[in-house]
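Hi,

Here is the structure I promised to send over. Have a look at it first, and my notes follow below.

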Amino acid sequence: MTDSPTRQRRLSLARVRALPSWSVLAAGTLVGGLLGGAYGLLTPTTYTATSYVVAVPTSKSTPDAARGFAQAYGRVATQLAVLGDAQVWAGVPVRTLQDSVRAATSPDAPMVALSATSSQPGRAVDMANAVSRALTQHAEHTRGSTQVRLVQFSRAVRPSEPTSASPGVTALVGASAGGLLGGLALLARPRRAGRDDEAVPAASVPGPATAADAHGQR
């Protein structure tokens, strides 16, 4: 006669509870490391190139105005009005530029950083420089009203190393996460019944002495 499902579950839980504590941590670390390493191997390598443009005030403007317009140009750098012109020089669709190009500004300097990410180093350089060129031309068309020029400060250069994490790094991250989850599972695991969990017999309390006993002790 086969065991019932309830009995099988109880036996499985009993086997899990009987495992030593270090085995849960080791299993979590091993599985996490394998998954992290596989993620690093399967994820395409990416490269990032960055171009910089700076806002320069004219004789009718001030440095504070240049910093303010640099913030504004950083917001419009990834808009369709700029990327539509940049796609011609980058040689990629606008959709690719929208997904790959990011703009960053600084509150202390009138500068805009344009970073492009791609699986090909040369394409990342072309996209960053293309967006930088399109943004400076867009600013040139409005210089009469803004009194601020946008000039290229530094062209993007070909990256020598990828910016994506290597399989070794992802394996270490996965192993750390797996060990952490294993520790949490160990804390949540029910404790095994032992001698410490057994009921401790209550201490006996002596009954009151009878009158005859009290008389005999005098």
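Which residue just after α4 takes a positive phi? That residue is Gly91, with a phi of about 75°. Please keep in mind as you read on that this is a predicted model.

Now to helix α4 itself, which spans residues 80–90. Its buried residues are Val82, Leu83, Ala86 and Ala90. These sit on the same side of α4, because they cover an arc of only 85° around the axis. What do they pack against? The buried residues of α4 have three helices as partners: α3 (63–76), α5 (94–100) and α6 (121–141). If you turn the model to look at the face of α4 directed away from the buried side, you will find the exposed residues Leu80, Ala81 and Val88 there.

The other thing to show you is in α3, one of the helices that the buried side of α4 packs against. The count of aromatic pairs comes to one. Phe69 and Tyr73 form that pair, with 6.4 Å from centre to centre and 35° between the planes. The arrangement counts as tilted because the angle falls between the cut-offs of 30 degrees for stacked and 60 for edge-to-face. Phe69 and Tyr73 are four residues apart in helix α3, so about one helical turn separates them.

Are these two rings' residues buried or exposed? Tyr73 counts as buried, at 6% relative accessibility, whereas Phe69 is partly exposed, with a relative accessible area of 27%.

Happy browsing, and best wishes!

Technical notes. Residues are numbered from 1 along each chain as its sequence is written. This is a predicted model: local features need pLDDT of at least 70, side-chain atom pairs count only at pLDDT 80 or more; totals for chains, interfaces and linings use all residues. Side-chain values use heavy atoms; hydrogens and water are left out. Buried means under 20% relative accessible area, exposed over 50%, partly exposed in between (1.4 Å probe, protein chains only). Helices (H or I, at least four residues) and strands (E, at least two) are DSSP runs, numbered from the N terminus. The arc is that of the directions from the helix axis to the C-beta atoms. Contact means heavy atoms within 4.5 Å. Rings of Phe, Tyr and Trp (its six-membered ring) pair if their centres lie within 6.5 Å; planes under 30 degrees apart count as stacked, over 60 as edge-to-face and the rest as tilted.
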